[in-house]
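Biologist: I'm new to this one. Could you show me the model and talk me through it?

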Amino acid sequence: IFLFFHLWQQSKKDLENALKYLYESLHQSPSFVPARLLLAEIRIFQGSPQLAVEEYEELVRDFPQNERFCLGLADLYLGLNQPERALRLFEQAGRENSKNPAFLRYLARISFAREEFLRALDYLKEIPTKEADSYAFMGDIHCRLGDQVRAIEAYQMAQMLEERASLYISI
């Protein structure tokens, strides 16, 4: 599997032939999680999100507590404009009250997609240490709510954090 991944990373030109070897690997060991995850990622790369959803749904069914699988599936649902399915995924996994910042960001995205802007803000406010993208998202929400003053404040905070991060990188 690692050779396959290396070949895929080095040259995406012969993806179909490489997929043949991945399918052989999965045929020999259908429960080999890295191969199943790689297949889902390839489906995304190929522009086949529905096929990737099927792969991720199987992974979540088999490993419901795996955060990466839940977040990957939620991301696909949101990309397919299916926020209700993403929300059900979090509810089924018992994560709707999670304090994990990654889950809070996804719940905010789900709420935003459902046009529940105040709820989206509430989720973002629960994140103890916000990064620039969270503040930028808060700015977008405030714009949708028509609150330009708070939107500008949030965007300025995002910009300040980005500049600070750039400074640390250059040191």
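Modeller: Here are some questions and answers on aromatic rings and surface charge. This is a predicted model, where local features need pLDDT of at least 70, side-chain atom pairs count only at pLDDT 80 or more, and totals for chains, interfaces and linings use all residues. Residues are numbered from 1 along each chain as its sequence is written, and side-chain values use heavy atoms, leaving out hydrogens and water.

Biologist: How many aromatic pairs does the structure hold?

Modeller: Rings of Phe, Tyr and Trp (its six-membered ring) pair if their centres lie within 6.5 Å; planes under 30 degrees apart are stacked, over 60 edge-to-face, and the rest tilted. By that rule the structure's count of aromatic pairs is 5.

Biologist: What kind of pair do Phe90 and Phe103 form?

Modeller: Phe90 sits in helix α6 (residues 83-92) and Phe103 in helix α7 (residues 101-113); helices here are DSSP runs (H or I, at least four residues), numbered from the N terminus. Their centres are 5.3 Å apart with 85° between the planes, which makes the pair edge-to-face.

Biologist: Is Phe103 buried or exposed?

Modeller: Buried means under 20% relative accessible area, exposed over 50%, and partly exposed in between (1.4 Å probe, protein chains only). Phe103 has a relative accessible area of 1%, so Phe103 is buried.

Biologist: Which residue joins Phe90 and Phe103 in one aromatic cluster?

Modeller: Phe90 is also buried, with a relative accessible area of 1%. The residue that forms one aromatic cluster with Phe90 and Phe103 is Tyr106.

Methods: Helices (H or I, at least four residues) and strands (E, at least two) are DSSP runs, numbered from the N terminus.
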